[in-house]
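Q: Please take a close look at one part of this structure, the small sheet and the charged side-chain pairs that go with the elements beside and beyond the sheet. I would like a single connected account.

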Amino acid sequence: MEYLTLKQAAEASDTSYATIRRDIENGHLPAYKVGRKYFITAAAAAEYGERRRALNAIEGYTIRQLMEILPLSYAYIIELIKSGRLPAVKRGRSYIIARTDLQRFIEEAQL
């Protein structure tokens with residue numbers, strides 16, 4: 001079995017070192033810790049890279065961009081996302097609301 005360092009995994013998945021580290025700490029990427037170093041299996045790094053590329057391919061709006069479209073506060077949009085009424089995916093530290101999900105949300109809110 002082949003193992004990669006965080007730096008190698010970041011390069012392979014076209015992601016920053018900090019994002020790799022954060023995803024390990026959040027449990028989104030399995031890793032092994034030996035001393036102070038982390039190691040990731042090549043298979044896990046490849047799967048992670050595919051998931052990251054799929055996330056980056058989503059076209060949509062950040063919360064700030066959504067606030068320019070709809071007269072809603074940041075806190076209210078976060079509440080909608082957390083309650084599941086407005087679907088969003090987390091990309092790094094930002095939420096992305098897909099265009100189709102926003103359109104569906106607006107249509108459901110229509111009287």
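A: Helices (H or I, at least four residues) and strands (E, at least two) are DSSP runs, numbered from the N terminus. Residues are numbered from 1 along each chain as its sequence is written, and side-chain values use heavy atoms, without hydrogens and water. The model is predicted, so that local features need pLDDT of at least 70 and side-chain atom pairs pLDDT 80 or more, while totals for chains, interfaces and linings use all residues.

The sheet is open and has 3 strands, which follow the order β4-β6-β5 with antiparallel pairing. Both β4 and β5 (89-91) stand at its edges with a single partner strand each, so one side of each has no neighbour in the sheet. Strands count as paired if DSSP finds at least two bridges between them. On one side of the sheet, β5 is joined to β6 (residues 94-98) by 3 bridges, the two strands running antiparallel, and Arg 91 is the residue that stands opposite Ser 94 in β6. These two strands also form a hairpin, with 2 residues between them, and Gly 92 in the turn has a positive phi of about 65°. On the other side, β4 and β6 pair in the antiparallel sense over 2 bridges, and here Tyr 61 stands opposite Ile 97 in β6.

How much of β6 is buried? The strand is mostly covered, since 4 of its 5 residues are buried (under 20% relative accessible area; exposed is over 50%, partly exposed in between, with a 1.4 Å probe and protein chains only). In the edge strand β5 we find Val 89, which is partly exposed at a relative accessible area of 29%. Leaving aside residues up to four places away in sequence, Val 89 touches (heavy atoms within 4.5 Å) Leu 55, Ile 58, Ser 94, Tyr 95 and Ile 96. Of these residues, Ser 94 is also the one that faces Arg 91 across the pairing of the strands, while Leu 55 lies in the range of helix α3 (residues 42-57). The C-alpha atoms of Val 89 and Thr 100, which are 11 residues apart along the chain, are separated by 13 Å, and the number of Thr 100 falls within helix α6 (residues 99-109).

The charged pairs can be followed from here. A salt bridge is a side-chain nitrogen of Lys or Arg within 4 Å of a carboxyl oxygen of Asp or Glu, and by this rule the count comes to 5 salt bridges. One of them joins the side chains of Glu 59 and Arg 99, with 2.9 Å from N to O. Glu 59 lies in the loop between α3 and β4 (60-61) and Arg 99 in helix α6, so this pair ties together parts that are 40 residues apart in sequence. Glu 59 is exposed, its relative accessible area being 55%, whereas Arg 99 is partly exposed at 44%.

A second pair stays inside helix α3, where the side chains of Glu 47 and Arg 51 meet in a salt bridge of 3.2 Å, again taken from N to O. Why are these two residues about one helical turn apart? It is because Glu 47 and Arg 51 are 4 residues apart in helix α3. Glu 47 is partly exposed with a relative accessible area of 46%, and Arg 51 also counts as partly exposed, at 37%.

A further pair lies in helix α2 (residues 17-25), which holds both Glu 25 and Arg 21, 4 residues apart and so about one turn of the helix from each other. The side chains of Glu 25 and Arg 21 meet in a salt bridge at 3.3 Å, N to O. At 54% relative accessibility Glu 25 counts as exposed, while Arg 21 is partly exposed, with a relative accessible area of 31%.

To draw this together, β6 pairs with β5 and with β4, and the salt bridge between Glu 59 and Arg 99 ties the loop between α3 and β4 to helix α6.
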